[in-house]
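Here are some short exercises to work through with a structure in view. Try each task yourself before you read its solution.

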Amino acid sequence: MWTRHHKRRNTGRLIVPAITCVVLAYFSYHAYHGRYGINSKERLQARLELLEAQHQKIVGNRVKLEEKLALLQDGTVERDMLDEQARRALNLAQDHELVIFRVQRSN
């Protein structure tokens, strides 16, 4: 009786370690580069600095507006401020006055 002997292949032993390596590589990549990975802290820090700068600018503008509002709320209107606002709104000046236009730039 003839018997056939099959040579054992080594590829069967490599399938599980290969799949394990692929899965570990996938999770390692996303642990570093993913949305909640190690690298995301630097991106969040940069965004935080940008938003804090914008916040400081807004707070500065608010303080200026509150100071102007305080001049109007105490029951008396400051004459210089009223004159300035009226001239700006009506675009008027007297003949002997010198008008200097100041351009405000927004950063």
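**Exercise 1. Decide whether E66 is buried, partly exposed or exposed, and find its side-chain partner.**

Step 1. E66 has a relative accessibility of 41%. Buried means under 20% relative accessible area, exposed means over 50%, and partly exposed lies in between, with a 1.4 Å probe and protein chains only. E66 therefore counts as partly exposed.

Before going on, a word about the model. It is predicted, so local features need pLDDT of at least 70 and side-chain atom pairs count only at pLDDT 80 or more, while totals for chains, interfaces and linings use all residues. Residues are numbered from 1 along each chain as its sequence is written, and side-chain values use heavy atoms, leaving out hydrogens and water.

Step 2. Place E66 in the fold: it lies in helix 2. Helices are DSSP runs of H or I with at least four residues, and they are numbered from the N terminus.

Step 3. Look for the partner. The side chains of E66 and R62 meet in a salt bridge, at 2.7 Å from N to O. A salt bridge is a side-chain nitrogen of Lys or Arg within 4 Å of a carboxyl oxygen of Asp or Glu. Side chains of opposite charge can pair when their charged atoms come close.

Step 4. Check the spacing. R62 and E66 both lie in helix 2, 4 residues apart, which is about one turn of the helix. R62 is exposed, with 55% relative accessible area. By the salt-bridge rule, the count comes to 1.

**Exercise 2. Work out where S40 lies and what is around it.**

Step 1. S40 is in helix 2, which covers residues 40-73.

Step 2. With a relative accessibility of 7%, S40 is buried.

Step 3. List its contacts, meaning heavy atoms within 4.5 Å. Leaving out residues up to four places away in sequence, S40 touches G34 and R35.

Step 4. Turn to the side chain of S40: one of its polar atoms lies 2.6 Å from the backbone oxygen of G37.

Step 5. Compare with N39, found in the loop between helix 1 and helix 2. N39 is also buried, at 19% relative accessibility. Its contacts, with the same neighbours in sequence left out, are Y32 and H33.

**Exercise 3. Find the aromatic pair and say how its rings are arranged.**

Step 1. Searching the whole structure gives 1 aromatic pair. The ring centres of Y26 and F27 are 5.2 Å apart and the planes are at 75 degrees, so this pair is edge-to-face. For Phe, Tyr and Trp (its six-membered ring), rings pair if their centres lie within 6.5 Å; planes under 30 degrees apart are stacked, over 60 edge-to-face, and the rest tilted.

Step 2. Check how open each residue is. Y26 is partly exposed at 49%, whereas F27 is exposed at 54%.

Step 3. Look for a wider group. Y26 and F27 belong to a nonpolar surface patch with I15, V16, I19 and V23, and together the patch has about 630 Å² of accessible area. Patches use residues with over 30% relative accessible area and no salt bridge, joining like charges within 9 Å and nonpolar side chains (Val, Leu, Ile, Met, Phe, Trp, Tyr) within 5 Å. Accessible areas come from the Shrake-Rupley method with a 1.4 Å probe, and for residues only the protein chains shown count as cover.

Step 4. Place one member: I19 lies in helix 1 and is exposed, at 52%.

Conventions:
Helices (H or I, at least four residues) and strands (E, at least two) are DSSP runs, numbered from the N terminus. A polar contact is a pair of N or O atoms within 3.5 Å; within protein, one must be able to donate a hydrogen and the other to accept it, and residues adjacent in sequence count only if both atoms are side-chain atoms.
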